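Reader: I should like to learn how a protein model is read, beginning with the whole chain and ending with a single residue. May we work through an example together?

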Amino acid sequence: MLIIVTGMQREALIVGRDGEVLVAGGDNAGLAARIDAAARRGGRAVISIGIGGGLQPGLAVGQAVIATEVVSGSDRRAADTRWRNAIAARLPDAVCDAIAGSDRIVAAPAAKAALRRDSGAVLVDMESHIAAQAAAACGLPFAALRVVSDDAEHALPPAALVAIGPDGSSRMGAVLRSLAARPGQIPGLIRTARDSARAMASLRRCSALLGGGLACPYLG
């Protein structure tokens, strides 16, 4: 069984056909324990897959990134080489590089630039570092594939920061309240929504190209 870790329900609907999906949502608390429990139920490999924020200037929205390693502070976890190569063979236009993990959304260009300098990573998400650490603790192979949804120069508007609930579903009420309080963010939110849709389309394409088992060589 494949353990698939995403941040949002929207991602899970795209990639969750071939394993047990764990949606982290807006709060990573308990994600490691959920991965451990899935491993005890027969999980044989862990993949973190979905969208993320670009850290490297010039990395375009929709670009797929295959993790060579996941960096969180001083912790660095290498992705499984065999699995990574299998993904790259099916996604030849993907970038293979380091991904950073963060426990909170990295919204501002200055914060993205600082994380890029500190980690050397080209993209950041909120689940991959926990998934990598939990996979290592369980003795399971790990891979990560993320698609850029906001580039390094793009500041996420406040409404985007409250858009995802603890279960990974969309919180339209929270978004509307944020817009009512700060209507000047509407153009930025429109851009964010457009870029997110582009990233999701790219994720859908990647999932189709990876096929059954998301290219994992350890399932059968």
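Author: The dialogue below goes from the whole chain to its strands and then to one residue. Please keep in mind that this model is predicted.

Reader: How many helices and strands does the chain have?

Author: An inventory of secondary structure is a useful beginning. Here the chain holds eight helices and eight strands. Its radius of gyration is 16 Å, close to the 17 Å that the globule rule gives for 220 residues, so the chain is as compact as a globular protein of that length. Along the principal axes, the C-alpha trace spans about 50 × 35 × 30 Å.

Reader: What share of the residues is buried?

Author: A residue counts as buried when its relative accessible area is under 20%. By that criterion, buried residues make up 52% of the 220 in this chain. The accessible surface comes to about 9300 Å², and carbon and sulfur atoms account for 55% of it. One may also ask how contacts are spread along the sequence. Of those between residues at least 6 apart, 76% join residues at least 24 apart.

Reader: Which strands pair with strand E4, and in what sense?

Author: For each pair of strands, one reads the direction and the number of bridges. Strand E4 covers residues 64-72 and pairs with strand E8, residues 142-150, in the antiparallel sense over three bridges. In that pair, valine 65 of E4 stands opposite arginine 146. With strand E6, residues 95-101, E4 pairs in the parallel sense over five bridges, and valine 71 faces alanine 100 there. Strand E5, residues 75-78, runs antiparallel to E4 and is joined to it by four bridges. Valine 70 stands opposite arginine 77 in this case.

Reader: What lies between the strands in the hairpin of E4 and E5?

Author: In a hairpin, the residues between the strands deserve attention. This hairpin has two residues there, and glycine 73 takes a positive phi near 65 degrees.

Reader: Let us turn to a single residue. Is aspartate 195 buried or exposed?

Author: One compares its relative accessible area with the cut-off for burial, which is under 20%. Aspartate 195 has a relative accessible area of 6%, and therefore it is buried. This residue is found in helix H8, which covers residues 186-210.

Reader: Which residues are in contact with aspartate 195, apart from its neighbours in sequence?

Author: Neighbours within four places in sequence are left aside, and aspartate 195 is then in contact with Val61, Ser149 and His154. Ser149 falls within strand E8, residues 142-150.

Technical notes: Residues numbered from 1 in each chain as written. Predicted model: local features only at pLDDT ≥ 70, side-chain atom pairs only at ≥ 80, totals over all residues. Heavy atoms only, no water. Pairing = 2+ DSSP bridges. Buried < 20%, exposed > 50% of the residue type's maximum accessible area, 1.4 Å probe, protein only. Contact = heavy atoms within 4.5 Å. Rg over C-alpha atoms; globule rule 2.2 N^0.38 Å. Areas by Shrake-Rupley, 256 points an atom, 1.4 Å probe, with all protein chains shown as cover.
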